[in-house]
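Student: I have a model open on my screen and would like to learn how to read it. Could you walk me through it?

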Amino acid sequence: MLTVGEVHTSLLQHSTALAQEQSAEVLSLVEGEVVLTSRRPSLYAVSPDVRTGVDCWLPSARKRQLRGVGAVVTRAIVTGGRIVQASSVIQVVAGERRRPWSHYLANPGVLETVGKLDAADLSAGFLRGNNADVLNLEAITGRVLDGVQMSDLLDRHPPLRAARTRLRWTAQVDPQRDVSAVVTVDSPTLRTVELVVGPQDVPAAVAGLCEDLALHDWLLTMLSSLVEAAVTRPASGQEHIERLRPVLEHLLHLWLPGARVHPRLRPVWDRLEQVPGFSRQWKSSVNWIRDQISVNNMALLRDLADRVAVRQPCGR
């Protein structure tokens with residue numbers, strides 16, 4: 001059994017964090033259906049599922065032609081009123097023949113093949129391929145995220161600029177192996193994750209793990225790019241500080257790896273915290289930014305004190 005998915009993560013295009021009620025309104029993507037929200041450990045809102053019917057060729061590392069039919073399920077998420085994600089998932093199962101659309105729409109989140117399924121070949125083709133003529137979760141996911149970002153409630157003035165990132169993942173069921181993940185950095189904005197899960201790990205829980213990975217990878221990627229720009233681009237100390245300060249003011253409190261991950265899947269996070277050490281990288285960068293701000297503030301205070309001393313009249 002194979003499940004595939006894709007998560008896009010971006011900064012919400014708004015000058016302030018959204019209140020929970022505003023997040024719910026922005027995520028009202030399906031009329032008549034409820035947006036789910038929670039406030040612990042941080043503000044969190046999830047849209048109803050958006051279903052997209054597909055009847056297409058499937059990715060193949062060996063260039064096989066295998067047709068698949070089903071309904072991709074996509075949801076949008078706003079975390080902390082600041083970060084928006086769109087997440088698509090579909091479980092691929094072996095089918096025998098083409099059925100009426102009513103059959104597929106009655107089973108959202110499941111894609112049936114019309115022909116023999118080779119899960120390893122499809123997984124490799126999905127993760128490594130770049131063919132728009134086959135199942136294209138990038139387009140489906142991006143369209144939902146674009147729809148949220150175009151909401152009339154957003155003022156289009158975010159406190160900082162940050163690139164959208166994509167996380168593409170596959171999960172194969174193997175009852176003989178422990179839960180594991182191989183994370184690959186394919187480009188500055190694309191990551192791929194190969195998961196091995198157990199038969200009891202439902203696609204929704206696996207998708208939740210990948211959403212959490214994508215969220216924290218986006219935070220770390222954004223922070224790393226800002227730090228790199230600060231140390232490589234010529235600018236005054238104050239200019240660098242103005243670029244770095246919004247991270248501490250708007251995003252620092254959202255670093256909560258594994259907080260919403262199913263307990264069975266948390267060992268994946270535990271291993272990532274060892275190598276490459278996501279939280280160590282995050283804390284190191286945050287401490288560097290704080291040090292830069294402290295040094296800059298001390299320099300400003302020293303300059304102010306010098307100017308005041310110059311203006312004082314000489315005593316007799």
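**Reading helix α3 and its surroundings**

Tutor: Happily! Let's begin inside the fold: the buried residues of α3 pack against β1 (2–11), β6 (83–93), α4 (137–149), β8 (165–173) and β10 (190–197). Keep in mind that this is a predicted model.

Student: Which residues of α3 are buried?

Tutor: A general idea helps here. An α-helix has 3.6 residues a turn, so residues three or four places apart point the same way. In α3, the buried residues are Ala119, Asp121, Leu122, Ser123, Gly125, Phe126 and Leu127. That is seven of the 10 residues in the helix, which spans 119–128 and is mostly covered.

Student: What caps the N-terminal end of α3?

Tutor: Asp118 does, with a side-chain oxygen 3.3 Å from the backbone nitrogen of Ala120.

Student: You listed β8 among the partners of α3. Which residue there should I click on?

Tutor: Try Arg168, which sits in strand β8.

Student: Is Arg168 buried or exposed?

Tutor: The cut-off for buried is under 20% relative accessible area. Arg168 has 8% relative accessibility, so this arginine counts as buried. Beyond its close sequence neighbours (up to four places away), Arg168 contacts Phe126 and Leu127, both buried residues of α3. Its other contacts are Gly5, Glu6, Gly129, Glu138, Leu190, Arg191, Thr192 and Val193.

Student: Now a loop, please. Where is His14 found?

Tutor: Look between β1 and α1 (20–26): His14 is in the loop that joins them. A loop residue can be checked by the same cut-off, and His14 is buried because its relative accessible area is 9%. Setting aside residues within four places in sequence, its contacts are Arg82, Leu153, Leu154, Asp155, His157, Pro158 and Pro159.

Student: And how do I read a residue that falls between the two classes?

Tutor: Thr221, in helix α5 (residues 203–232), is a good one. Partly exposed covers the range between buried, under 20%, and exposed, over 50%. Thr221 has 21% relative accessibility, so it counts as partly exposed.

Student: What does the side chain of Thr221 reach?

Tutor: The backbone oxygen of Asp217, at 2.7 Å. Leaving out residues up to four places away in sequence, Thr221 also touches Thr165, Pro188 and Arg191. Arg191 is among the contacts of Arg168 too. For a sense of distance, take Thr221 and Leu251: they are 30 residues apart in sequence, and their C-alpha atoms are 13 Å apart in space.

Student: At the bench I always think about cysteines. How many disulfides are there?

Tutor: A search of the whole structure finds zero. You can still ask how covered a cysteine is. Cys210 counts as buried because its relative accessibility is 0%. Cys56 has 18%, so Cys56 is buried as well.

Student: Can we zoom out to the whole chain?

Tutor: Of course. The chain has eight helices and 10 strands, and 46% of its 316 residues are buried. Its C-alpha atoms fill a box of roughly 100 × 40 × 35 Å along the principal axes. Of the contacts with a separation of 6 or more, 72% join residues 24 or more positions apart.

Student: And what about the surface and the charges?

Tutor: The accessible surface is about 16100 Å², with 52% of that belonging to carbon and sulfur atoms. As for charge, there are 36 positive and 33 negative side chains, and the centres of the two sets lie 2 Å apart.

Methods:
Residues numbered from 1 in each chain as written. Predicted model: local features only at pLDDT ≥ 70, side-chain atom pairs only at ≥ 80, totals over all residues. Heavy atoms only, no water. Buried < 20%, exposed > 50% of the residue type's maximum accessible area, 1.4 Å probe, protein only. Helix = DSSP H or I, 4+ residues; strand = E, 2+ residues; numbered from the N terminus. Contact = heavy atoms within 4.5 Å. Polar contact = N/O pair within 3.5 Å; in protein donor to acceptor, adjacent residues only side chain to side chain. Areas by Shrake-Rupley, 256 points an atom, 1.4 Å probe, with all protein chains shown as cover. Lys, Arg positive; Asp, Glu negative; His and termini not counted. Charge placed at Lys NZ, Arg CZ, Asp CG, Glu CD. Disulfide = S-S within 2.5 Å.
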